[in-house]
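Let's take a walk through a protein model together. Keep the sequence and the 3D view handy, and look up each part as we get to it.

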Amino acid sequence: MSRPELTWRNKDENKKMELDQEKIRVGVSTCLLGENVRFDGGHKKNDYVLHTLSDFFEWVPVCPEVDIGLGTPRESLRLVGDAGNPRFVTGKSNIDHTEKMVSYSDRKVEELQKLNLNGYILKKDSPSCGMERVRVYDESGMPNRKGVGIFARALMERMPLLPVEEEGRLNDLKLRENFIVRVFCHYRWQKIALGNFSVNALVQFHTQHKFLLMAHSEKHLRELGRLVADAKKYPPRKLKEKYVTRFFEALRRKSTHRKHTNVLQHILGYFKKDIDDRDRHELLQTIEEYRQGLLPLIVPITLIKHYVNKFDVQYIKDQVYLNPHPKELMLLNHV
Ligand code: SF4
């Protein structure tokens with residue numbers, strides 16, 4: 001089944017999407033789905049993952065510790081030694097499972113690479129799944145927070161463009177929005193990269209993401225623009241690799257109120273001759289109040305969408321920036 005375009009504009013289209021859309025495939029630490037796979041026989045159910053994101057994502061759950069046969073419940077494990085290359089051992093009996101976990105992680109990531117994932121949500125602090133700041137104990141038993149879970153490290157090293165985030169960090173609404181934007185962009189990219197890739201398809205992709213890129217990094221936007229202009233100089237595989245690497249590098253840069261304000265003013269330029277003085281003043285005032293942090297981004301975006309539809313500004317209507325993710329997730333209400 002081919003996947004439909006992911007834009008959310010009105011209720012009827014949402015309904016159509018619910019009926020037609022194949023969900024976006026995202027990996028997840030199994031315990032976050034409420035499965036009793038933790039060392040103590042319990043789970044770490046995450047309501048946002050389970051009840052909100054599940055409407056849009058199809059989960060690919062992975063529990064590395066269960067997969068290597070440690071059973072549930074089991075003795076807890078920890079990282080010991082060099083943070084860059086730690087051993088993976090049981091806390092009390094000091095049994096070393098490093099080799100087993102490292103070779104499992106390599107095999108599992110290879111398997112996941114074939115599943116066309118578009119993101120991954122990891123359980124924080126875990127010696128297997130933690131993305132950062134995992135405790136690593138030295139020989140005297142003192143911990144530092146410099147570790148990365150063994151499986152998480154393999155995942156991030158072998159799939160460096162995959163949007164990866166920890167459940168704990170998803171409580172930060174800006175990090176959450178950034179992660180979800182990247183997941184949806186990854187999904188759209190995958191559609192053209194795995195489909196009939198062509199220079200025209202790349203030009204269209206780049207054009208639709210122009211203002212989204214601008215909201216993260218103008219420097220990257222300029223570089224990617226030059227790359228697209230020179231696209232015919234590169235073999236397709238090289239072109240894809242160069243483009244997508246810089247594209248996701250850009251999206252990992254934080255968007256700020258100042259950058260969004262710049263984008264909103266640019267967009268206004270596309271219909272400023274059509275709008276009357278009173279409405280233009282009101283829109284500029286709304287953008288200024290957003291810049292000052294008095295209003296969330298959804299307010300100027302909603303007003304702009306109104307005018308873009310009213311004046312039928314097709315180039316802006318097509319911009320992902322105005323509909324980066326489903327409005328039901330309400331992510332623009334908090335940035
Ligand atoms: S953190 Fe990872 S290894 Fe630990 S229970 Fe959850 S999924 Fe399994």
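Let's start at Asn-116, which sits in the loop between H4 and E5. Those labels come from DSSP runs numbered from the N terminus: helices are H or I runs of at least four residues, and strands are E runs of at least two. Before going on, bear in mind that this is a predicted model, where local features need pLDDT of at least 70, side-chain atom pairs count only at pLDDT 80 or more, and totals for chains, interfaces and linings use all residues. Residues are numbered from 1 along each chain as its sequence is written.

So what is there to see in that loop? Asn-116 has a phi near 55°, a positive value in a residue other than glycine. Most residues other than glycine have a negative phi, and most peptide bonds are trans. The second half of that brings us to another spot: the peptide bond from Thr-72 to Pro-73 is cis, with omega near -5°. You'll find Pro-73 in the loop between helix H3 (64-67) and strand E3 (77-80).

Now for the sheets. In which order do the four strands of the open parallel sheet lie? The order is E2-E1-E5-E8, and the pairing is parallel; two strands count as paired if DSSP finds at least two bridges between them. Strand E2 (57-62) and strand E8 (164-166) are the edges, each pairing on one side only. On average, neighbouring strands here are turned by 25° against each other, direction ignored. (Axes are lines fitted to C-alpha atoms, for helices over the stretch in contact, and angles run from 0 to 180 degrees between N-to-C directions.) Zoom in on strand E5 (residues 120-122), and you'll see that E5 and E8 pair in the parallel sense over three bridges. Ile-121, for instance, has Glu-165 in E8 as its bridge partner.

Another open sheet has four strands in the order E4-E3-E6-E7, with mixed pairing. Its edges are strand E4 (87-90) and strand E7 (143-147), each pairing on one side only. Neighbouring strands in this sheet are turned by 55° against each other on average, again ignoring direction. Strand E6 (residues 134-137) and E7 run antiparallel and are joined by three bridges. In E7, Asn-144 is the bridge partner of Val-136.

On to the helices. Two packed helices are described by the angle between their axes and the distance between the axes. Helix H4 (residues 98-113) packs against helix H5 (residues 150-158) at an angle of about 40°, with the axes 9 Å apart. That makes H4 oblique to H5 (angles under 35 degrees count as roughly parallel, over 145 as roughly antiparallel, 65 to 115 as roughly perpendicular and the rest as oblique). Which residues make the contact? On the H4 side they are Met-101, Val-102, Ser-105, Asp-106, Val-109 and Gln-113, and on the H5 side Ile-150, Phe-151, Ala-154, Leu-155 and Arg-158. Here, contact means that the C-beta atoms, placed from the backbone, lie within 7 Å. Sorted by class, the contact of H4 with H5 has seven nonpolar, two polar and two charged residues. (Ala, Val, Leu, Ile, Met, Phe, Trp, Tyr, Cys and Pro count as nonpolar, Asp, Glu, Lys and Arg as charged, and the others, Gly among them, as polar.)

Further along the chain, helix H11 (residues 257-268) and helix H12 (residues 277-291) pack at about 165°, with their axes 9 Å apart. H11 and H12 are therefore roughly antiparallel to each other. His-257, Thr-261, Leu-264, Gln-265 and Leu-268 of H11 meet Leu-283, Ile-287, Tyr-290 and Arg-291 of H12. This contact has five nonpolar, three polar and one charged residues.

H12 also packs with helix H13 (residues 298-310), at an angle of about 155° and with the axes 9 Å apart. H12 and H13 are therefore roughly antiparallel as well. Leu-283, Thr-286, Ile-287 and Tyr-290 of H12 touch Val-299, Pro-300 and Leu-303 of H13. The classes here are six nonpolar, one polar and no charged residues.

Last stop: the ligand. Around the ligand are Ser-29, Thr-30, Cys-31, Val-37, Arg-38, Cys-63, Pro-64, Glu-65, Lys-123, Ser-126, Ser-128 and Cys-129, each with its C-beta atom, placed from the backbone, within 6 Å of it. This shell divides into five nonpolar, four polar and three charged residues.

Key: Two residues are in contact if their C-beta atoms, placed from the backbone, lie within 7 Å.
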